[in-house]
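The exercises below ask the reader to work through one model, locating residues in their elements and reasoning from computed values. Each task is followed by a solution that goes step by step.

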Amino acid sequence: MKTFCGRANPTTGSMEWIEEDENYDYHQEIARSRYADMLHDKDRNVKYYQGIRAAVSRVKERGEKAIVLDIGTGTGLLSMMAASAGADFCYAIEVFKPMANAAVKIVEKNGFCDKIKVINKHSTEVTVGPDGDMQCRANILVTELFDTELIGEGALPTYEHAHRYLVQEGCEAVPHRATVYVQLVESKRMWSWNKLFPVHVEAEDGEKIIVSPSEVEDCPGVPSVCDIQLNQMPSSDFTILSDVVTMFSVDFSKPVRSASTYYRVQLEPVKSGKAQIVLSWWDIDMDPSGMINCTMAPYWVKSSSAFQWRDHWMQCVYFLPNEEPVLQGEKVYLTACRDEYSVWYKLQKARGEEEDKADVRVESPVCRCQAHLLWNRPRFGELNDQNRTRQYIKSLMKVLKTDSVCLCISDGSLLPVLAHYLGAKQVQCFFLQRVPLYFPSPFFKANHLEDKIKIIEARPELLTSSHLGDKKISVLVGEPFFTTSLLPWHNLYFWYARTAVTSHLTSDVTVLPQSACLHMMIVEFQDLWRIRSPCGTCEGFDVQTMDDMIKNSLNFRESKEAEPHPLWEYPCKSLSDPQEVLTFDFRKTVPQHCLSTEGSVNLLRKGKSHGAVLWMEYHLAADVSVSTGLMQISNEKGNCERNPHCKQAVYFFSSVIESEALSHLPSAVTYAINFNTKTGEIAMDFKL
């Protein structure tokens with residue numbers, strides 16, 4: 001059975017109805033899940049197994065039957081660990097039906113049908129009693145309900161309900177407790193993900209400074225956590241202002257409250273500076289003594305020998321509402337507020353206790369400036385990248401004249417302001433985003449440009465001469481950047497918009513960028529390969545059913561598609577030189593025919609060919625380009641430096657070739673890449 005799904009095409013900009021298989025959503029959910037990542041997390045699995053064995057032993061030593069409740073069982077792994085450890089019976093709860101069906105098969109395959117009952121319900125719907133889902137309350141509670149922020153997947157209300165209705169008072173819990181840690185830092189790099197820095201422009205009539213509106217400066221931003229692989233952040237990019245301190249703990253063996261609350265700790269700065277960022281992570285103790293500990297602590301806190309790569313649990317970056325100057329030795333208070341699903345922070349100077357308590361507000365911060373809704377964090381970083389901005393300034397200076405009529409096609413761009421300061425006679429820009437129109441007004445007002453730059457409230461295909469004051473566009477500019485873009489080539493929407501406004505362009509129009517090139521490189525990932533790698537067995541249990549399930553869903557469509565990843569967080573080494581594979585000429589309109597290429601790329605280094613990385617490079621003007629991917633190959637080993645503001649496309653190969661010596665290398669990887677100009681989609685195929 002087929003169903004029609006509506007979508008806005010990110011590349012062409014058109015609204016489309018796509019015929020999809022009725023199981024498409026299910027296959028997409030499985031294919032993009034991180035089950036493989038969790039099953040490959042050796043540290044997590046070993047610690048859980050140790051904690052479960054210890055909990056079962058403690059219950060048995062009391063002369064009780066060990067009845068286990070496993071909430072969010074997934075593959076059934078933790079329940080099988082409990083049964084193997086001697087538990088008398090396990091109730092394994094899984095709300096996602098396809099996953100529950102897989103768990104039933106895995107439990108049966110491993111011979112635990114008589115010990116484990118898989119219940120396909122949300123835990124809050126589970127009943128207890130002679131005719132219920134569970135015969136009796138459990139005395140061991142096992143869960144893995146955590147995300148990078150600890151509570152973002154609803155762990156607190158789930159535990160709260162379980163203690164009220166599903167487990168005995170004084171039950172054992174694995175994990176036994178979780179502890180959240182924080183550290184105060186100053187970091188221009190991370191702060192640039194949340195605030196807009198002044199931009200200095202050297203114009204003919206002197207230096208101009210693009211400033212951020214007070215609305216943006218005073219805005220606390222969006223409440224969602226910024227979760228990243230903090231272990232890829234070099235120590236030179238931040239300054240530690242405090243020791244690591246415990247913010248709060250949750251004891252899962254006792255009743256848990258999910259109601260909004262706050263926690264406060266006193267910090268004594270170890271260095272003077274600007275407090276901007278709270279770095280946070282957590283650990284879990286699998287047993288009451290804390291001897292079995294699984295930690296997310298970053299590299300400067302724990303030894304590298306204890307480092308376990310994982311993508312399902314990372315570290316948190318929280319932005320303080322405003323930067324606060326702190327002095328070494330002068331105590332401050334850090335307050336963590338939380339609701340059921342999220343945490344946020346505020347910093348205060350030490351004051352009277354009653355005054356402090358009165359100042360605590362548990363309400364979640366809300367973006368009121370609209371900028372944080374329009375620009376995500378990487379986009380803030382991109383706009384604050386001075387080297388990148390200089391490339392655009394250099395290019396605009398090459399093409400702008402005193403009589404230039406300029407039109408900008410990009411989402412939330414600084415280009416209209418740059419074009420005005422650099423001498424364009426008339427500047428217009430489209431406002432394409434689905435956020436309130438009043439956002440640009442404060443921005444232009446803060447820079448005294450309300451009457452200098454015209455905002456066109458229309459889509460490119462609906463542009464009329466009256467919008468332009470009956471003038472023709474002589475300079476068309478774009479970064480290009482669009483908020484709807486996920487993959488690098490989605491920003492080719494600029495090309496389609498340029499085609500739509502062709503009749504409004506002068507015959508000798510200058511287009512910036514003048515063209516774009518799609519680049520490709522074969523790589524070996526240090527760790528990212530794990531998210532697609534089959535597991536086979538996990539701690540002695542056969543989970544091949546899960547591997548087959550993921551493979552089947554990948555083969556449904558996802559294995560033939562690239563997926564976006566911010567590769568500055570995921571180290572890889574190049575096995576080939578970068579290769580230009582497709583060119584898009586913005587000086588011409590989008591052609592009716594497809595753009596196709598076939599070829600081969602030579603493998604130059606030994607290693608495992610995990611996949612191909614693809615990115616766009618924009619040629620702004622003569623000898624001026626910006627890359628959204630590779631910045632440089634930093635050494636002979638092929639280690640790569642990537643653009644930290646953009647996600648690159650990763651196409652994982654279905655099979656991996658490993659070569660230990662150059663003589664064993666296959667000579668090349670062949671490829672076929674096709675850009676369908678009607679749909680704006682890129683299809684690709686690789687053969688090793």
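Helices and strands here are DSSP runs, of at least four residues (H or I) for a helix and at least two (E) for a strand, and they are numbered from the N terminus. In that numbering, Pro-513 lies in the loop between strand 24 (505–512) and strand 25 (515–525). The model is a predicted one, and the exercises begin with its confidence.

**Exercise 1. Confidence.** State the average pLDDT of the chain and the share of residues that score at least 70, then find where the pLDDT is below 50.

Solution. Step one: the average pLDDT of the chain is 91, and 91% of the residues score at least 70. Step two: the pLDDT falls below 50 over residues 434–438, a stretch that nevertheless has 9 contacts in the model beyond near neighbours in sequence.

**Exercise 2. A three-stranded sheet.** Determine the strand order of the open sheet of 3 strands, identify its edge strands, and describe the pairing of strand 39 with strand 40.

Solution. Step one: the order is 31-39-40, and the pairing is antiparallel. Step two: strand 31 (595–602) and strand 40 (681–687) are the edge strands, since each of them pairs on one side only. Step three: from one strand to the next, the twist averages 15 degrees. Step four: strand 39, which covers residues 668–676, is joined to strand 40 in the antiparallel sense over 7 bridges, and within this pairing Ile-673 has Met-684 of strand 40 as its bridge partner. As background, the strands of a sheet pair through backbone hydrogen bonds, in either a parallel or an antiparallel sense.

**Exercise 3. Cysteines without a partner.** How many disulfides does the structure hold, and why is the sulfur of Cys-640 not in a bond with the closest cysteine sulfur?

Solution. Step one: the structure holds 0 disulfides. Step two: Cys-594 is in no disulfide, and the nearest cysteine sulfur, which belongs to Cys-517, is 19 Å away. Step three: the closest cysteine sulfur to that of Cys-640 is in Cys-572, at 4.6 Å, and this is too far for a bond, because a disulfide requires two cysteine sulfur atoms within 2.5 Å. Step four: on accessibility, Cys-594 counts as partly exposed at 37%, whereas Cys-640, with a relative accessible area of 18%, is buried.

**Exercise 4. Two cis peptide bonds.** Which residues are joined to Pro-175 and Pro-513 by cis peptide bonds, and where does Pro-175 lie?

Solution. Step one: Val-174 and Pro-175 are joined by a cis peptide bond with omega of about 0 degrees, and Pro-175 is found in the loop between strand 7 (167–174) and strand 8 (177–186). Step two: the peptide bond from Leu-512 to Pro-513 is also cis, with omega near 5 degrees. For context, most peptide bonds are trans.

**Exercise 5. Positive phi.** Compare Leu-150 and Asp-470: is each residue buried or exposed?

Solution. Step one: Leu-150, although not a glycine, has a positive phi of about 85 degrees, while the phi of Asp-470, likewise a residue other than glycine, is near 60 degrees. Step two: Leu-150 is found in the loop between strand 6 (138–143) and helix 6 (155–165), and Asp-470 lies in the loop between strand 22 (453–456) and strand 23 (473–477). Step three: Leu-150 is buried, with a relative accessible area of 2%, whereas Asp-470 counts as exposed at 66% relative accessibility.

**Exercise 6. Three residues and their surroundings.** Describe the setting of Ser-404, Tyr-48 and His-565.

Solution. Step one: Ser-404 is found in the loop between helix 12 (386–399) and strand 20 (405–408), counts as buried at 2% relative accessibility, and reaches the backbone nitrogen of Lys-401 with its side chain at 2.7 Å. Leaving aside neighbours within four places in sequence, the contacts of Ser-404 include Val-399, Ala-424 and Ser-474. Step two: Tyr-48 has its place in helix 3 (residues 42–61) and counts as buried at 0% relative accessibility; beyond neighbours within four places in sequence, residues in contact with Tyr-48 include Val-174, Pro-175 and Trp-313. Step three: His-565 lies in strand 28 (residues 563–565), is buried with a relative accessible area of 6%, and has a side-chain polar contact of 2.7 Å with Glu-563. Step four: the C-alpha atoms of Tyr-48 and His-565 are separated by 29 Å, the two residues being 517 residues apart along the chain.

Notes
Residues are numbered from 1 along each chain as its sequence is written. This is a predicted model: local features need pLDDT of at least 70, side-chain atom pairs count only at pLDDT 80 or more; totals for chains, interfaces and linings use all residues. Side-chain values use heavy atoms; hydrogens and water are left out. pLDDT is the predictor's confidence in each residue, from 0 to 100. Contact means heavy atoms within 4.5 Å. Two strands pair if DSSP finds at least two bridges between them. Axes are lines fitted to C-alpha atoms, for helices over the stretch in contact, and angles run from 0 to 180 degrees between N-to-C directions. Buried means under 20% relative accessible area, exposed over 50%, partly exposed in between (1.4 Å probe, protein chains only). A polar contact is a pair of N or O atoms within 3.5 Å; within protein, one must be able to donate a hydrogen and the other to accept it, and residues adjacent in sequence count only if both atoms are side-chain atoms.
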